[in-house]
There are 2 protein chains.
Amino acid sequence: MQSEQSSDPYVLQHLRSIIIHSLDNFNYSNAEFASERLLAMDGDNLESIYLYCLTLFRQGKHKSCYARLVDLLSSNHLGFAFLFAKCCLILKKYQEGIYQLFRLNHLYSESSLEAANSTANPFYFTTNHNKFNYEHRRSIYPDSSTIYHLLASLYKGINDTKNSALNYVQALKHNQYDFEAFQELCKLGKPGIRASLKRNNSSGIIPTINNELDPQSTTVSMITMKEIEKSENYLLGLYVIFAKGFKCMCKYDCYKAIRILESLSEKEKETPWVLSKLGRLHYEIVNYKQSEYFFVKLRKLDRTRMEDMEYYSTLLWHLHRKVELTYLANELHDLDPNSAIAWCAIGNLFSLTREPDEAIKCFNKATKLDENFTYAYTLKGHEYFGNDNYEMALENFRLSLLIDPRHYNALYGIGMVYINLGDYQRADYHFRKAVSINPINVILICCVGMVLEKLGKKNLALRQYELANKLQPLNPLPIFKKAQSLFSMQQYPQALKYFETLKELAPDEASVHFLLGQLYNIQNDKFQAIKEFTIAMNLDPKGNYLIREAMESLKEK
Amino acid sequence: MQSEQSSDPYVLQHLRSIIIHSLDNFNYSNAEFASERLLAMDGDNLESIYLYCLTLFRQGKHKSCYARLVDLLSSNHLGFAFLFAKCCLILKKYQEGIYQLFRLNHLYSESSLEAANSTANPFYFTTNHNKFNYEHRRSIYPDSSTIYHLLASLYKGINDTKNSALNYVQALKHNQYDFEAFQELCKLGKPGIRASLKRNNSSGIIPTINNELDPQSTTVSMITMKEIEKSENYLLGLYVIFAKGFKCMCKYDCYKAIRILESLSEKEKETPWVLSKLGRLHYEIVNYKQSEYFFVKLRKLDRTRMEDMEYYSTLLWHLHRKVELTYLANELHDLDPNSAIAWCAIGNLFSLTREPDEAIKCFNKATKLDENFTYAYTLKGHEYFGNDNYEMALENFRLSLLIDPRHYNALYGIGMVYINLGDYQRADYHFRKAVSINPINVILICCVGMVLEKLGKKNLALRQYELANKLQPLNPLPIFKKAQSLFSMQQYPQALKYFETLKELAPDEASVHFLLGQLYNIQNDKFQAIKEFTIAMNLDPKGNYLIREAMESLKEK
């Protein structure tokens with residue numbers, strides 16, 4: 001009774017609208033039901049199959065979507081390849097996804113621009129007018145930038161950073177507002193990406209075809225076009241600031257990054273993204289008070305935030321804020337008990353309460369929940385190191401580096417292990433590698449100096465401490481190392497000068513009390529020396545490794 | 001430097017387009033970044049906040065979305081209330097969600113039709129033209145049907161079936177193609193829903209305002225309008241068939257449901273939805289062979305399907321298909337180890353291999369993964385019953401009924417427990433209640449007969465068996481019970497007639513072998529009787545409770 005009209009284009013169009021409306025309103029089972037009807041009427045139509053698969057994907061039925069598409073890839077439908085590769089990314093079948101997208105390169109690369117006129121036009125979003133007006137002219141098909149972005153993510157999955165970076169650059173070329181692509185590019189630490197986010201790219205890669213591709217643009221008045229261009233320039237200018245700031249941050253050019261972000265308007269500075277970046281930047285330069293200020297502000301703005309809270313929890317660990325860390329860990333766990341970040345915070349809490357075995361269990365749970373969670377491996381490594389389990393410490397630091405070769409914190413950890421094992425060459429290699437990633441971290445620079453001292457190169461060591469002191473004149477660690485170094489070179493008057501600076505600078509710092517202990521020791525006042533050591537130990541129970549090492553050197557005398 | 005233009009409507013529109021494009025292409029972190037920028041520029045604009053919250057919701061950050069909106073509800077923004085209530089549904093704060101949606105009833109109920117002209121017009125989707133053309137004129141705001149649907153789901157969450165049904169009816173009124181709403185309505189077993197999906201409703205609730213609400217419709221030619229109306233009629237006709245079929249199924253009017261679904265076109269019959277329903281319908285009428293046929297076909301079409309596989313696994317259990325059930329259970333577990341359905345299938349497998357403790361563990365895992373998974377409680381109940389643990393069996397059957405009062409299988413289970421406890425009044429009550437839900441299930445009817453026999457009402461019992469026999473002339477169970485009953489009433493010639501019918505009908509049925517055992521027993525051939533009993537026991541190890549009962553009654557003599 002109901003077959004004569006089943007392929008009527010009006011009926012099909014009606015069903016498509018029902019499906020897309022259901023998807024837009026999160027009524028997925030309804031979308032699937034209508035999709036089945038569409039397929040029953042029009043099963044050979046690739047666009048109908050695409051809509052069905054989109055419905056599967058939106059429901060999170062990735063294995064179903066994959067299975068449905070795997071036999072249809074020979075049709076060379078770009079939407080199919082996109083959804084298939086998207087499933088591949090989730091199912092970790094990276095190479096398969098890359099292959100399928102790469103095979104259809106001619107459909108979305110710039111060279112295919114002229115041919116683009118189908119419904120699923122991947123250059124739809126590259127014209128100024130469509131980009132601007134997308135809200136009112138949406139497309140269910142991926143555009144070129146989306147496809148390049150996906151390719152980049154797939155390459156990232158197989159650790160092919162070169163091709164990953166190349167494709168993120170392409171994604172940005174086709175959509176300058178794909179800031180996520182830009183961030184990934186920065187995280188990969190790829191140079192030569194300067195061109196990827198340029199101001200005023202309105203005469204960019206798609207220079208002449210605007211009008212040809214976009215029939216409606218002729219109806220847009222010249223005034224509107226001018227307004228659109230103006231808004232484009234303004235917005236790009238704003239994005240460039242964020243891009244510059246983030247790039248500096250990824251190069252650990254923290255002072256510059258802070259300066260750039262501080263140049264933003266007050267309202268921009270109050271957004272979660274900026275607050276979290278400022279919090280991390282100040283953390284990186286060991287400016288804990290200021291870092292705490294931004295993290296507290298961020299938590300006030302959004303107490304349900306998960307992102308970056310692993311760093312905040314480590315910050316609270318450094319600041320010995322047991323109460324705050326307890327709150328944070330519990331709240332994160334309440335928000336999502338299956339979040340790796342929450343378990344990271346809980347691990348830090350156990351570390352602070354000196355329960356290293358429990359802490360390690362938590363970090364293990366975190367890496368089980370997210371096997372690519374670099375930071376948890378590093379924290380686990382430090383925990384093992386604190387327990388003198390060097391073997392496990394090394395293993396975890398190396399796991400960190402496997403996931404993220406630029407994770408300097410793990411290189412620092414490895415260096416510390418080798419120092420403790422007396423293998424100064426290897427320690428030197430890892431500290432210098434860490435410094436090459438994060439060149440202005442005073443702790444790392446002091447570590448390099450420390451190894452130089454061990455190798456007997458006292459003058460070179462002193463130069464490192466001086467560099468660190470220059471970078472952060474108020475940080476007591478370089479002054480301490482410098483003073484200590486001068487002391488060991490028997491340049492007592494100079495050493496004493498720094499000791500005194502230090503005393504005023506940081507009366508609450510553990511290292512200062514160590515230093516005072518050392519001073520008293522020189523004066524043969526053992527009683528006062530031991531008192532100061534004890535205060536220092538209480539202030540920094542797990543022991544900043546450097547201070548501990550200083551204590552050892554003291555005992556040796 | 002960048003504040004003078006920040007509230008420029010063109011810049012805001014551009015950002016909106018960036019956000020929506022990112023959402024459409026699953027680039028959620030990018031959408032969130034751009035949303036933050038939008039809020040920084042235009043933080044007081046409710047539409048900007050809505051877009052930000054939509055981005056949170058799409059990312060699955062339900063607690064963040066909830067927290068963000070909870071303080072903004074006084075603004076009486078329908079989109080806010082919608083997203084908030086959607087979060088409430090997921091976070092199981094049903095009443096809160098209901099309250100917020102109900103409070104804004106004046107914004108989406110029919111009485112507010114005239115006032116509807118904002119961007120977030122909830123009646124946008126109710127006009128024929130917009131409905132038809134939605135793909136090209138999408139909206140990021142919920143429409144009235146979506147809101148009623150959500151209200152219905154929330155009411156369902158607090159077991160308020162009356163209000164749930166009322167709101168599903170409203171959802172259908174505003175969108176006749178919300179088949180999910182229709183299905184839910186049927187599952188609630190609410191009568192008086194006949195009007196909810198009517199053919200040709202183009203002159204339905206929104207009769208006159210089409211042109212007023214839809215400026216573009218004037219540009220659509222009369223011919224197109226006619227085509228749209230034609231397609232609407234066709235599609236509604238098709239949906240009505242599905243609706244009728246599903247409604248019959250929910251009333252366990254299985255034969256009629258099968259007839260209706262079989263009237264569909266061949267291509268419709270090959271879709272997953274139809275195949276799964278036919279599989280279940282044949283299962284319900286104990287037509288296992290045919291049920292298997294449809295489930296096998298369904299699995300061939302989509303081997304990654306999860307839905308309804310719990311029923312298929314029980315079917316395989318009934319058919320003693322150990323190999324197939326092993327495959328099914330393993331494949332489902334591979335697809336999703338956290339799926340309650342998969343654990344149901346595994347439980348059935350253990351049940352089949354006679355490991356009841358393991359089976360119960362699996363069913364427990366299933367209900368832990370999905371605490372509203374009625375069927376798993378019922379299977380657990382049967383497993384406990386098979387183990388003679390009546391207390392736990394009752395508890396689980398009752399849990400089933402708490403979630404779904406129309407789950408007749410649990411009522412059957414309770415009846416069986418009371419029969420075994422000798423409480424025939426209670427058994428009678430539960431069997432009759434089960435029959436009132438599923439009036440044509442021959443097993444249930446035989447159960448009623450069985451209790452009547454126990455109560456000494458042999459003639460009434462015989463009438464039940466005759467009714468069951470009439471409903472399914474080829475099903476051996478009613479014949480068996482009938483013959484047995486006649487036998488006990490010493491009407492030997494009549495009894496013998498049925499015994500012979502039975503022998504030809506089902507040589508592989510356990511019950512028949514029992515019967516044969518009984519026959520031999522009459523003839524005092526104890527050796528053959530025991531042989532037949534043994535065959536029967538091997539065919540149905542866990543024992544169809546009825547047959548076991550028959551054996552008992554035999555022993556008593």
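Here are some short exercises with worked solutions on this structure, which is a predicted model.

**Exercise 1. How the two copies are related**

Task: Find the turn and the shift that lay chain A on chain B, and say what kind of axis relates the two copies.

Solution:
- Start with the superposition. A turn of 180° with a shift of 0.0 Å along the axis lays chain A on chain B, and the RMSD is 0.1 Å.
- Now read the symmetry from that. The copies are thus related as by a two-fold rotation axis.
- Finish with the contact surface. Of the contact residues of chain A, 100% recur in chain B, so the same surface serves both copies.

**Exercise 2. A salt bridge within chain A**

Task: Work out which parts of chain A are tied together by the salt bridge between Glu371(A) and Lys92(A).

Solution:
- Begin with the distance. The closest N and O atoms of Glu371(A) and Lys92(A) are 2.9 Å apart, and a salt bridge asks for a nitrogen within 4 Å of a carboxyl oxygen.
- Next, place each partner. Glu371(A) sits in the loop between helix H21 (356–369) and helix H22 (374–386), while Lys92(A) sits in the loop between helix H5 (78–91) and helix H6 (94–103).
- Put these together. The two parts tied by the pair are 279 residues apart in sequence.
- Last, look at the surroundings. Glu371(A) has a relative accessible area of 47% and is partly exposed; Lys92(A), at 44%, is partly exposed too.

**Exercise 3. A salt bridge between chains**

Task: Locate both ends of the salt bridge formed by Glu307(A) and Lys61(B), and decide whether each end is buried or partly exposed.

Solution:
- The closest N and O atoms of Glu307(A) and Lys61(B) are 2.6 Å apart.
- On one side, Glu307(A) belongs to the loop between helix H17 (288–301) and helix H18 (309–318) of chain A. On the other, Lys61(B) belongs to the loop between helix H3 (46–58) and helix H4 (62–70) of chain B, and the pair therefore crosses between chains.
- The cut-off for buried is under 20% relative accessible area. Lys61(B), at 19%, counts as buried, whereas Glu307(A), at 29%, counts as partly exposed.

**Exercise 4. Another pair, and a network**

Task: Describe the salt bridge between Glu292(B) and Arg321(B), then name the residues that shared partners join into one network.

Solution:
- The side chains of Glu292(B) and Arg321(B) meet at 2.7 Å, N to O.
- Glu292(B) lies in helix H17 (residues 288–301) of chain B, and Arg321(B) in the loop between helix H18 (309–318) and helix H19 (322–335), 29 residues apart.
- Glu292(B) is buried at 12% relative accessible area, while Arg321(B) is partly exposed at 23%.
- As for the network, salt bridges with shared partners join Asp24(A), Arg138(A), Asp24(B) and Arg138(B).
- To set these in context, the whole structure holds 43 salt bridges over all chains.

**Exercise 5. Cysteines without disulfides**

Task: Explain why Cys447(A) is not bonded to its closest cysteine sulfur, and find the nearest cysteine sulfur to Cys88(A).

Solution:
- A search of the whole structure finds 0 disulfides.
- For Cys88(A), the nearest cysteine sulfur belongs to Cys87(A), 7.1 Å away. Cys88(A) is buried, with 0% relative accessible area.
- For Cys447(A), the closest cysteine sulfur is in Cys446(A), 7.2 Å away, which is too far for a bond. Cys447(A) is also buried, at 0%.

**Exercise 6. Helix and loop**

Task: Check the length of helix H2 of chain A against the expected span, then examine Asn438(A) and Ile440(B) in their loops.

Solution:
- Helix H2 (residues 28–42) of chain A has 15 residues and reaches 20 Å, close to the 21 Å expected. Of its 15 residues, 14 are buried.
- Asn438(A) is in the loop between helix H25 (424–437) and helix H26 (442–454) of chain A. Asn438(A) is buried at 0%, and its contacts beyond four places in sequence are Tyr252(A), Glu284(A), Tyr408(A) and Leu444(A).
- Ile440(B) lies in the loop between helix H25 (424–437) and helix H26 (442–454) of chain B, and is buried at 16%. Its contacts include Tyr252(B), Cys254(B) and Leu471(B).

Definitions and conventions: Residues numbered from 1 in each chain as written. Chains lettered and ligands numbered in written order. Predicted model: local features only at pLDDT ≥ 70, side-chain atom pairs only at ≥ 80, totals over all residues. Heavy atoms only, no water. Helix = DSSP H or I, 4+ residues; strand = E, 2+ residues; numbered from the N terminus. Buried < 20%, exposed > 50% of the residue type's maximum accessible area, 1.4 Å probe, protein only. Disulfide = S-S within 2.5 Å. Expected span 1.5 Å × (residues − 1). Least-squares fit on C-alpha atoms with pLDDT ≥ 70 in both. Contact = heavy atoms within 4.5 Å.
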